[in-house]
Amino acid sequence: MSPAEKTGAESAAPAETTTSASAAGRVGDVVLRAVDISKTYGVTRALKGVNFDVRAGEVTVLFGENGAGKSTLMKILSGVEQPTAGHLELDGEHVELASTSQAVARGISIIHQELNLNANLTVRDNIFLGREILGARGIDYRRQAEITRELMDRLEEPVSPETLVQDLRVGQQQIVEIARALSTDARILIMDEPTSALSTSEVHVLFGIIRELTRQGVAIVYISHHLEEAIEIADHAVVFRDGELVAAEEAEHIDLPWVVRTMVGRDADYDFRDRERRHGEVALSVQDVTVADPSTGKVPVDHVSVDVREGEIVCLFGLMGAGRTELMEALAGRDELAGGRVTLDGEDLAGRGIGDRIAQGMGLVPEDRQRDGIVQLQSVGRNMALASLRTWVRGFFLRQRAETLNVERSIAQIGVKTEGSDAPIMSLSGGNQQKAVIGKMLLTDPRVVLLDEPTRGVDVGAKGEIFSLLFDEAARGLGVLFVTSDVGEAMTASHRIVVMSRGRVVCELDPRRTSRDEILAAAEGTVPEHARTSAPAETSGPAGHPESTSSTSTTSTTSTTSTTNGAAS
Amino acid sequence: MRRTILSTTAAIAATGLALTGCGGSEESDAGSEGGGDGGGQISIITVDPSNPYWSAEIETAETVAEEMGYTTETSAHNNDPDEQTRLMETAINDDVDGILLDPAGADESVAIVQQAVDAGIPVSLVNAEIAETGLAEAQIVSNNAQGATIGAEAWAEAMEYEGTYVELFGKPSDNNAQVRSDGFDGVLSQYPDLEKVGEEIANWDRQEGQEKMEQLLSRYPDIDGVVAGNDEMALGAINALEQEGMLDEVEVLGFDGNNDAAQAVADGDMVATVLQPITEGTTQAMEVLDEVIRTGESPLEDEKVALDCVLITEENADQLQDFSLEQ
Amino acid sequence: MSTTTAQETPAGASTETTRRPRFSFSLGSVLVEARALVALAIIIVIFTALNDNYLAVSNLTTIAKDVSFNAILALGMLMVILNAGIDLSVGSTVGLTGAVAGNLFQGLDVPLTDAVMFPATWVIVLISIGVGMLVGLVNGLLISRLNLAPFIVTLGMLYVGRGLTQVLLGGTNITNDLRGQEGLGNTGFFEIFASRPLGVPIAAWAMIAVAVAFSLLLTRTPFGRWLYSTGSNERAAELSGVPVKRVKTRIYVLTGMCAGMVGILQIANIRSSTADLGDTYELNAIAAVVIGGAALSGGRGTVRGTVIGAFVIGFLSNGLVIVGVSPFWQTVITGAVIILAVAVDQIQQIVQRRRAQARAVAEARRVSERAERDRDSEGKEAAGV
């Protein structure tokens, strides 16, 4: 009862929220300070004596690889967990946040990577969920709607409070999350990967909102794996490595190479452009493929044609909604084609299921690893063997020795860091899980591998390893078609870039001769003048010839990354 | 008589694919049309057609009614009062001429019988009572207490009034389970040398009766007798005893008088069972209903009639068929 | 793949790690089963202390038989639960197959003639089990092809099966006909299906056979792997080329087969085909699977655990009778044990999840430590604060 009343009282004047926020902290004042925070899980020290300030009206960006301690710190700041040692100071006062509700009560809100909204409820109900304003006759919906409208207007996203969240775009949902945080009178807003589901234009909207919020005095703590975006929004950057805060810098002194260097402790970026390339015959041929979504009547993939040759790595670049994932899933055999033809080594794949296509030599490494890639309850080895079990059958039974041998060899070759093939897949880091999923497909002895955003949620270091692995396989004749929305990746890790926009192929580009701006422009639908819409960059006969041998093809181990210092700038 | 003409697999397949119900089962009400002096429709609402006992009840009721010239409509509530209400309401809405009901619960059934009576439909109750008089035209039940008494007497005699025994108890939610158990106790407690060492619930079920008996035998390997609240449990106990090779030494008492039990009594595996005169009771209840429908007057002075049960022993077991004694 | 990778020498670091103890993963599943084993041990100790007859050979035989029926059903149930499914129709399928067998012993009217055919006993047994599999096939097809919820489909089938049983039996039991007649060539049913080879009830032998077969199926065949992976993450399995629909259909057939076997064994055991046979058996089967450590959410569970789970229930219900606990309290205690088992399961999962989290953190730390080492060895160019 009383919390509701309290909320009511607070939200009764949302306009004051901003004033009180700015009153609480003038821009630049330290509002929250972490003092010597340490956190230990069992024998593991996730945080080692971290000192860290959050300032009013500024965006503090946290950089760090997975496991560097960012998430642990976020959990402590938002009251999810408590530090093993050290303490927090809010406005110079020693505070203890025993729970998220205590944190919220003190003006600290967190917006999680995965949206925590109830899709079946309205915007209004989501914002006030658990903190309903009670009137004489139950919930005061009118008051709630009023406040919701004011909040959404303030965030420049004037959707009706009665709209169901499920009817909103992901970007709009993100804004509802922010509105909810603001409705709790948040002075400190923690954003964990807020842009991972947003399109470029939505990111710009979000950044506009963040700027507006900081003007109003709200302190933002921002985490993202998307380094360039994060640098763009940062006023202040801190870098974590191995549980320690290793660097803190003002915005004007940071750039991408600095961030990457500080995060991984070395220049871990990769560039495979100069790798030797031998392209053979066309392995995968996609001709005029169209995919329709019968439920919405939309056509996410519209007459797309693309060829992948033996040994060739083709990057399918496109922003969200370009139809990349739909194309990949259709190629893998999950969805029916509405038109067009897919052939592998000249053989038409029409009517073949996923399993047949894998047997034929083409499999997909899906975009969403947790949802589509790994079998969570099983071991690394079981996961990797899953797609090729049929090849190890004798009579009725599996030849387990053959299976184990192949799987372990693959683990070693791909460089999956695991305690062994019997270790649970969930005990692996994201990058290693991804390697295991790729390894699963490589074990099927494929002709062509399809990869949908193969580096999503993967550390910078592991990204290089994954591409190194693909280039090694390509050197042996594997055809690769991968999807990305990371320009740097497209430029440094492919032989050819095919840009898609709104379901169509816009153009093909040569990664060695194009620029970031050109790719991004193409992704928005503008065809660069010199770009050809057909004919791959360069292909040679089956024999092939090395075009360049500047980097040796090593097997991928931790230390394997090209030392070429071509940071993506 | 019960041979179902079917190619088994075809029936299953048909069901599986179309989930259509089952052909023959619903046609049991195909009665003679009109004619006779009744000429109306009677709704027969009973407990569980899959049980031989109620199956006999249904068959008797249908046969008698059809002989009187009624068409019948049979349904079962499985002792679920809500289901009973639903079925009764259907019958009331259909404006049938009379209802023969085997009620689900003495208290639970009062309101719905009242509803039927208010709608001007006479109701005749069989096999169980309701907790109100003046509503139903007849409440014809078999005297379970008397039945338990005569059964227990015969069994005690076979035991020669001494030894240890166990009891298999029916479904605790069924009032008759307690009535019969009390009836047994009433007699057997008079013989100090008869000692009841164990009692287990076996829910009127043969398989459970067998399982519980096996377990009881592990605990009391030297048992001399078993009394069971119904024949199914008794037959399960007999299976268990047979497995242990103890059937000759242990005396078993059943209740209900179904065909398998009659066979077991005839074979000497069961000392005795008690026949509930269900066919007689059903016939009588139907006759009352017919009379009321035709004349508006009940032939009964007291609506409550308790029919005595009949003891089935080796002497008369071979005359017992489908719950009626051929005389 | 092997051809492309064979010549590669594994990198040093990874070789070292792949040689790490192999049992770390199976330890988790052992712990889950251990719970059921501990429960079993506790039950045995308590009841033995209370009554000497508990562990007597004759009582063990009784337990073995009673457990076997439930264990066979539970093993079938395990198959669908591994797939995050459920089969509520097994109990009524038991009744149905029993009724089918009973009817076949009475003879089969040949359509359009007056002839009556009496199949041989073994034919009857095979047909009856086949009927069980057919029920499973219908369940499986409806669930896999039409994407219907297993709960609903099998709930419906529960009624259909029970109803058909009643149709087949027409309100009576089939008892004497099961003995068969010499002249008809359909004798020997009880002699085989209620026998005790080597003093062990035939049902127990059947249970052992099913357990061994299913254990091989789950651990040694691609089908088993497919089943576990579809149960844990169907989408991932599908994208790995696993024929998820076929797997789904087949497990229900296996469940139906188990129900058919129990139907046959049970009518031989009680020497009668009754309409109520198998009523609520599905619940005991589900309980055994859950106590045995399987997750209703799929992907987790073993044959061994399930058999132990069935023994826990069997030993418990037998023990409660043996020591003379009031019949009413027996039900309460059985229910409490099931809830306890599920609660322990949940607690264990929470603990495991925490442990996995800690492991992930440790792994990340190891990676960065290694990176640090590499960096240091590369020449102290670390970025300072």
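Start with chain B of this predicted model and select its two assigned domains, residues 25-136 as domain 1 and residues 144-275 as domain 2. Their centres, taken over C-alpha atoms, are separated by 32 Å.

Stay in chain B and select Y161(B), in the loop between α5 (144-158) and β6 (163-169). Although Y161(B) is not a glycine, its phi is positive, about 60°. Most residues other than glycine have a negative phi. Is Y161(B) buried or partly exposed? Y161(B) counts as partly exposed because it has 13 C-beta neighbours inside 10 Å, and a buried residue would need 20 or more.

Chain A offers a second case. Select D91(A), in the loop between β4 (85-90) and β5 (93-95) of chain A. D91(A) is not a glycine, yet it has a positive phi of about 50°. With 16 other C-beta atoms within 10 Å, D91(A) is partly exposed.

Next, show the largest nonpolar core, which has 284 residues. Which of its members touch the most others? They are L450(A) and V499(A) in chain A, V226(B), A234(B) and A237(B) in chain B, and I72(C) and L73(C) in chain C. Helix α12 (residues 244-270) of chain C gives the most to this core, with 16 residues. A separate second core has 70 residues, among them L77(A), V159(A), L182(A) and A186(A).

To look at one member of the largest core, centre on A234(B). Leaving out residues up to four places away in sequence, A234(B) touches G209(B), V226(B), A228(B), V252(B), L253(B), G254(B), A261(B) and M270(B).

Now select helix α19 (residues 516-523) of chain A, where the buried residues are E518(A), I519(A), A522(A) and A523(A). These buried residues are on the same side of α19(A), because they cover an arc of only 135° around the axis. Add the elements that cover them, including β15 (313-317), α18 (487-492), β23 (496-501) and β24 (504-509) of chain A. Just after α19(A), G525(A) takes a positive phi of about 110°.

Colour chain A by pLDDT. The mean for chain A is 80, and 84% of its residues reach 70 or more. Among the elements of chain A, strand β21 (residues 448-452) has the highest mean, 95, and helix α2 (residues 14-24) the lowest, 41. Over residues 1-24 of chain A the pLDDT is below 50, and this stretch has 28 contacts in the model beyond near neighbours in sequence. Residues 533-569 of chain A also have pLDDT below 50; counted beyond near neighbours in sequence, the contacts of this stretch number 80.

Move to where chain C touches chain B. The contact takes 43 residues from chain C and 42 residues from chain B. On the chain C side, α4 (57-82), α5 (90-105), α6 (121-145), α7 (150-169), α12 and α14 (303-322) each supply at least two residues. Which helix gives the most to this side? That is α7(C), with seven residues. By type, the chain C side divides into 19 nonpolar, 20 polar and four charged residues.

Finish at S58(C), in helix α4 of chain C. S58(C) is partly exposed, with 14 other C-beta atoms within 10 Å. Select G199(C) as well: S58(C) and G199(C) are 141 residues apart along the chain, and their C-alpha atoms are separated by 9.7 Å.

Terms used:
Residues numbered from 1 in each chain as written. Chains lettered and ligands numbered in written order. Predicted model: local features only at pLDDT ≥ 70, side-chain atom pairs only at ≥ 80, totals over all residues. Core = buried A, V, L, I, M, F, W, Y, C linked by C-beta atoms within 7 Å. Buried ≥ 20, exposed ≤ 12 C-beta atoms within 10 Å, placed from the backbone. Helix = DSSP H or I, 4+ residues; strand = E, 2+ residues; numbered from the N terminus. Contact = placed C-beta atoms within 7 Å. pLDDT = per-residue confidence, 0-100. Arc of directions from axis to C-beta. Nonpolar A, V, L, I, M, F, W, Y, C, P; charged D, E, K, R; others polar. Domains from an automatic or database assignment.
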